[in-house]
Structure formats: structure tokens, C-alpha cells
Amino acid sequence: MTQYFLKTSRIDSILVWGHGLENLNQILDEIRENKNFEILKIKKYKPKRMKSFVKEIYSYDYAPFWHLKDKTKYLLKTPQEVCFIFIKNLNPNEDYLGENSFRHKECLTLKKFKEQLRDKYNPYSNNKRTHNHVIHATDSQEQTSHIMNYLGYQEGISHFESENKFVN
């Protein structure tokens, strides 16, 4: 008899943009303190061309690129360094969000956490949080695997499933 088990965890990525790096230690502390997440890997990265890097990061996003283009213009003016934080998400709590062609599966646990970080660390103007987000988080393991491939880890998220883990 075949047994089926619901997946109880998944691999996600939190990307801290250049203008958020000044708060990287505090962000890492908040991730460590959150019982839903376990940090697996931290990787700083300096994109050669920020414009193409931003496009690559959002290539698996569900919003149309013309919408993201306006939304991400500010990133071209931020420091040209980022930090990827790969996490084991112990409570994926996935649901479908959005409508029509923008409907997609997303982790409500990570979404809530991401918004808390943005409330705390995004720039403010006239006492309102701007949309100049200091962090981006993946909506799915497919997005995380795409980022892993982009960074040169051809095995994608299975990089973290190896029995023989070692620090490179």
C-alpha cells in the first residue's frame, strides 16, 4: 500500500537589497528568532548589471513585468550588492492569492513575515512606508530553485537535501 504524506516544509529565499544591508544583522536575528524558519545558507552577491539582475529575480513573479518595471526602478539607485538568505520554511501554510492570470500559490507565513520586515526597515516618506522594499521573498520553491540555478547551483533546491552537507 502506497502512503502519501503532505509536505511539511519547503525551501525559500529572502533577498535583502542593497539599501537593506545596513540592517542585515537585525534581519538575520529576526529570521533566527522566528520558529517557522531555519537559515540554511547566506550568500552575498554583487550583480554585474543591476537592471538585468532585477529582471532575473522577478522573472518568475506573477505580476506583469511592466508593473514590476515601475515598482523596481528604485533598485537601480541602491548599492549594487545583495544578500540571499536561504531558509527551510517549517510552516509553509500555502494558499492561492491573486486573481485570473495573477493567481498563484504563496506561503502566508513568509508573506506575513516579509511584510513585518518591510514595515520595520523600508524607507518612510511623510510617515508612510514606501514601496522601496528592502527585501524580496520567494512565493514558491520553483522561484527558489530558479535563484539557486542563477547563482550557479545547478541542482537547485536539492542542494540543501544532500546527506553530505558541508560549508564551501
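This tour moves through a predicted model, from the whole chain to its cores, a helix pair and several single residues.

**The whole chain**

Begin with the protein chain coloured by secondary structure. Five helices and eight strands make up its secondary structure. Followed from the N terminus, the order of elements is β-α-β-α-α-β-β-β-α-β-β-β-α. The chain has 168 residues, of which 44% count as buried. Among contacts with a separation of 6 or more, 71% join residues 24 or more positions apart.

**The largest nonpolar core**

Next, select Trp17, Phe53, Ile57 and Phe84. Within the largest nonpolar core, which holds 20 residues, these four touch the most other members. Now add β1 (10–16), α2 (50–57), β3 (82–89) and α5 (141–150), the elements that each give two or more residues to this core. Helix α2 supplies the largest share, four residues.

Keep Trp17 selected and display its surroundings. With neighbours within four places in sequence left aside, Trp17 is in contact with Met50, Phe53, Val54, Ile57 and Tyr58, among others. The further contacts of Trp17 include Leu75, Glu81 and Val82, as well as His133, Val134, Ile135 and His136. Apart from the core just described lies another, of 19 residues, including Ile31, Phe37, Tyr121 and Ala137.

**Helices α1 and α4**

Two members of that other core, Ile31 and Tyr121, lead to the next stop, since Ile31 belongs to the α1 side and Tyr121 to the α4 side of a helix contact. Select α1 (residues 24–33) and α4 (residues 108–121); their axes come within 12 Å and cross at roughly 150 degrees. An angle over 145 degrees counts as roughly antiparallel, and α1 and α4 are therefore roughly antiparallel to each other. The crossing of the two helices is right-handed.

Show side chains at the contact: Gln26, Ile27, Glu30 and Ile31 of α1 meet Phe113, Leu117, Lys120 and Tyr121 of α4. Sorted by class, this contact has five nonpolar, one polar and two charged residues.

Remain on α4 and select Leu108, which lies in this helix. Leu108 counts as partly exposed because its relative accessibility is 28%. Then draw a distance from Leu108 to Asp139: the two are 31 residues apart along the chain, and their C-alpha atoms are separated by 9.2 Å.

**The loop between β6 and β7**

Move on to Asn126, in the loop between β6 (124–125) and β7 (128–129). Most residues other than glycine have a negative phi. Asn126 is not a glycine, yet its phi is positive, about 55 degrees. With a relative accessibility of 73%, Asn126 counts as exposed.

Select Asn127 next, which is also placed in the loop between β6 and β7. Asn127, likewise not a glycine, has a positive phi of about 65 degrees. The relative accessible area of Asn127 is 78%, so this residue is exposed.

**Met148 in helix α5**

The last stop is Met148, in helix α5. Is Met148 buried or exposed? Its relative accessible area is 0%, and Met148 is therefore buried. Show the residues around Met148: not counting those up to four places away in sequence, it touches Phe86, Tyr153, Gly156, Ile157, His159 and Phe160. To finish, draw a distance from Met148 to His159, one of these contacts; the C-alpha atoms of Met148 and His159 are separated by 8.6 Å, with the residues eleven apart along the chain.

Notes:
Residues numbered from 1 in each chain as written. Predicted model: local features only at pLDDT ≥ 70, side-chain atom pairs only at ≥ 80, totals over all residues. Heavy atoms only, no water. Axes fitted to C-alpha atoms, helices over the stretch in contact; angles between N-to-C directions. Parallel < 35°, antiparallel > 145°, perpendicular 65-115°, else oblique. Left-handed = near helix turned anticlockwise from the far one by under 90°. Contact = heavy atoms within 4.5 Å. Nonpolar A, V, L, I, M, F, W, Y, C, P; charged D, E, K, R; others polar. Core = buried A, V, L, I, M, F, W, Y, C linked by side-chain atoms within 4.5 Å. Buried < 20%, exposed > 50% of the residue type's maximum accessible area, 1.4 Å probe, protein only.
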